Amino acid sequence: MAKPNWNKNLADVLKQPTEKVTLISKNTGNEYVTDIVKQLMVVSTGIVEEVKDGYKYSIVDTKNSLEYTIKAPTKVEVSLGSIVVFTNVRGGATSNGDGWYSADSVTVARRNE
């Protein structure tokens, strides 16, 4: 008999469709399988923080009433209300319960998209 599992997957947490991909860890070089959101379009709060190995973007997902940060390797100029698109978003649980999110890239969407 299986025990109940209280761990949520990325699709449950971000309320977005996901797909499984195989990635290689930057730290260990080992392959692992994880869920990603292929493309995530959200609204910037205008706050970008420089962190080790990249930049953290404070964003709001107005469709799903979520607010969180996503780390990306490059910096793009954003302002309050900018539509930003993250590619290959992945994440997981942290000890404080907030979770972490990382993307392969970030771009600012044109207003007519």
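User: In which strand is Glu31 found?

Analyst: This model is predicted. The protein has one helix and seven strands. Among these elements, the one that holds Glu31 is strand 2.

User: Is Glu31 buried or exposed?

Analyst: The cut-off for exposed is over 50% relative accessible area. Glu31 has a relative accessible area of 61%. That value passes the cut-off, so Glu31 is exposed.

User: Which residues is Glu31 in contact with, leaving aside its neighbours within four places in sequence?

Analyst: Glu31 sits in strand 2. Leaving aside the neighbours within four places in sequence, its contacts are Thr22, Leu23 and Ile24.

User: How many Å apart in space are Glu31 and Val43, C-alpha to C-alpha?

Analyst: Along the chain, Glu31 and Val43 are twelve residues apart. Thr28 offers a second reading to Val43: 15 residues along the chain, with the C-alpha atoms separated by 33 Å. For Glu31 and Val43, the C-alpha distance is 32 Å.

User: Where is the place of Thr28?

Analyst: Thr28 is exposed, with a relative accessible area of 52%. Its place is not within a strand but in a loop. That loop runs between strand 1 (19-24) and strand 2.

User: What pattern does the protein follow, read along the sequence?

Analyst: There is one helix, and there are seven strands. Read along the sequence, the helix comes ahead of the strands. The pattern is α-β-β-β-β-β-β-β.

User: What radius of gyration does the protein have?

Analyst: The C-alpha trace spans about 50 × 30 × 30 Å along its principal axes. A compact globule of 113 residues would have a radius of gyration near 13 Å. The protein's own value agrees with that, at 15 Å.

User: What percentage of the 113 residues count as buried?

Analyst: The accessible surface comes to about 8,000 Å², and 49% of that belongs to carbon and sulfur atoms. A residue counts as buried under 20% relative accessible area. Of the 113 residues, the buried share is 33%.

User: Which residues touch the most other members of the largest nonpolar core?

Analyst: This core holds 20 residues. Helix 1 (10-14), strand 2 (31-51), strand 3 (54-61), strand 4 (66-72) and strand 5 (83-92) each give two or more residues to it. The largest share, four residues, comes from strand 4. The members that touch the most others are Leu40, Tyr57, Ile59, Tyr68, Ile70 and Phe86.

User: Which residues does Phe86 touch, not counting residues up to four places away in sequence?

Analyst: Phe86 is one of the core residues that touch the most other members. Residues up to four places away in sequence are not counted here. What remains is Lys38, Gln39, Leu40, Val42, Tyr57, Ile59, Ile70, Ala72, Ala103, Ser105 and Val106.

User: Is Val89 buried or exposed?

Analyst: Val89 lies in strand 5. Leaving aside neighbours within four places in sequence, its contacts are Leu10, Leu14, Asp35, Ile36, Val37, Leu40, Ser102 and Ala103. Its relative accessibility is 0%. The cut-off is under 20%, so Val89 counts as buried.

User: How many Å apart in space are Val89 and Val13, C-alpha to C-alpha?

Analyst: In sequence, Val89 and Val13 are 76 residues apart. In space, their C-alpha distance is 12 Å.

User: Where does Asn88 lie?

Analyst: Asn88 is not a glycine, yet its phi is positive, near 55°. At 16% relative accessibility, Asn88 counts as buried. The element that holds Asn88 is strand 5.

User: Where is the place of Ser65?

Analyst: Ser65 also has a positive phi, about 55°, although it is not a glycine. Ser65 is exposed, with a relative accessible area of 66%. Its place is the loop between strand 3 and strand 4.

User: Which residues does Lys56 touch, not counting residues up to four places away in sequence?

Analyst: Lys56 has its place in strand 3. At 35% relative accessibility, Lys56 counts as partly exposed. Outside the four places on either side, it touches Ile47, Val48, Glu49, Val51, Thr69, Ile70 and Lys71.

User: How many Å apart are the mean positions of the positive and negative charges?

Analyst: The protein has 14 positive and 13 negative charges. Their mean positions are apart by 2 Å.

How values were computed: Residues are numbered from 1 along each chain as its sequence is written. This is a predicted model: local features need pLDDT of at least 70, side-chain atom pairs count only at pLDDT 80 or more; totals for chains, interfaces and linings use all residues. Side-chain values use heavy atoms; hydrogens and water are left out. The radius of gyration is taken over C-alpha atoms; the globule rule is 2.2 Å times the number of residues to the power 0.38. Buried means under 20% relative accessible area, exposed over 50%, partly exposed in between (1.4 Å probe, protein chains only). Accessible areas come from the Shrake-Rupley method with a 1.4 Å probe; for residues, only the protein chains shown count as cover. Lys and Arg count as positive and Asp and Glu as negative; His and the chain ends are not counted. The place of a charge is taken as NZ of Lys, CZ of Arg, CG of Asp or CD of Glu. A nonpolar core is a set of buried Ala, Val, Leu, Ile, Met, Phe, Trp, Tyr and Cys residues joined through side-chain atoms within 4.5 Å. Contact means heavy atoms within 4.5 Å.
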